[in-house]
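Q: I should like a close look at a single part of this protein model. Please explain how that part sits among its surroundings, and then place it in the chain as a whole.

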Amino acid sequence: MRSAQQILAESAVIAVVGASRHPEKPAHTVPLQMRRHGWRIIPVNPYADELFGEKVYRRLADIPGKVDLADVFRPAEDAVDVVRQAVAIGAPAVWLQLDIVSAEARRIATEAGIDYVENRCLAVERALGQLTRLPAA
């Protein structure tokens, strides 16, 4: 299993399940920060059409193309279904944001052989590792 830092360093496309339309929420600010540092963010939200300059998809299965990381901003009870969807689309990693923990989601990811992180913030890990996907200046 890759570490959180390795997952971020090796991912280019992050699908954010539960991306928010509300700029004051972490589910908006964290994906926006990741986008500013060079990751492609694909928002997944059944109630929006566009976020972060990207088309919004209703579910992971609706996203055309490859997803490197499924990032989850949903309650723990929803994480199980999201992890199942991530496995179904072939995402190599799932990340449950800060304060989201699910033993069942972890079990599903582990049995499927995909990397799994829970209870950690993408933006914090990015900053700690001084990671960016932007070309060097």
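A: In this predicted model, the part to examine is helix H2, whose buried residues pack against helix H1 (4–10), strand S1 (13–17), strand S2 (40–44) and helix H5 (122–128). Helix H2 itself covers residues 26–36, and its buried residues are Ala-27, His-28, Val-30, Pro-31, Leu-32 and Met-34. A general point about helices helps in reading such a list. An α-helix has 3.6 residues a turn, so residues three or four places apart point the same way. Among the buried residues of H2 are Ala-27, Val-30 and Met-34.

The two ends of the helix deserve attention next. Just after H2, Gly-38 takes a positive phi of about 105°. On the other side, the loop between S1 and H2 contains Ser-20. Is Ser-20 buried or exposed? Its relative accessible area is 7%, and because buried means under 20%, Ser-20 counts as buried. Leaving aside residues up to four places away in sequence, Ser-20 touches Lys-25, Ala-27, His-28, Asn-45, Leu-51 and Phe-52. Two of these names, Ala-27 and His-28, also appear among the buried residues of H2.

The helix may now be placed in the whole chain. The chain has five helices and seven strands, which follow one another in the pattern α-β-α-β-β-β-β-α-β-α-β-α. Of its 137 residues, 48% count as buried. Among contacts with a separation of 6 or more, 63% are made by residues 24 or more positions apart. The C-alpha trace spans about 40 × 30 × 30 Å along its principal axes. A compact globule of 137 residues would have a radius of gyration near 14 Å, and the chain agrees with this, having 14 Å. Its accessible surface comes to about 7,000 Å², and carbon and sulfur atoms hold 50% of that area.

Charged residues complete the picture. Side chains of opposite charge can pair when their charged atoms come close. The chain carries 17 positive and 17 negative charges, and the mean positions of the two sets are 4 Å apart. The structure holds twelve salt bridges. In one of them, the side chains of Asp-115 and Arg-2 meet with an N to O distance of 2.5 Å. Asp-115 lies in strand S7 (residues 115–117) and Arg-2 in the segment before H1, so this pair ties together parts that are 113 residues apart in sequence. Asp-115 counts as buried, at 9% relative accessibility, whereas Arg-2 is partly exposed, at 22%.

Another salt bridge joins Asp-49 to Arg-58, with their closest N and O atoms 2.9 Å apart. Here Asp-49 is exposed at 59% relative accessibility, while Arg-58 is partly exposed at 38%. A further bridge links Asp-78 and Arg-74 at 2.7 Å, N to O. Both residues of that pair are partly exposed: Asp-78 has 26% relative accessibility and Arg-74 has 36%. Finally, salt bridges that share partners connect Arg-84, Glu-104, Arg-107 and Glu-111 in one network.

Methods
Residues numbered from 1 in each chain as written. Predicted model: local features only at pLDDT ≥ 70, side-chain atom pairs only at ≥ 80, totals over all residues. Heavy atoms only, no water. Helix = DSSP H or I, 4+ residues; strand = E, 2+ residues; numbered from the N terminus. Rg over C-alpha atoms; globule rule 2.2 N^0.38 Å. Buried < 20%, exposed > 50% of the residue type's maximum accessible area, 1.4 Å probe, protein only. Contact = heavy atoms within 4.5 Å. Areas by Shrake-Rupley, 256 points an atom, 1.4 Å probe, with all protein chains shown as cover. Lys, Arg positive; Asp, Glu negative; His and termini not counted. Charge placed at Lys NZ, Arg CZ, Asp CG, Glu CD. Salt bridge = Lys/Arg side-chain N within 4 Å of Asp/Glu carboxyl O.
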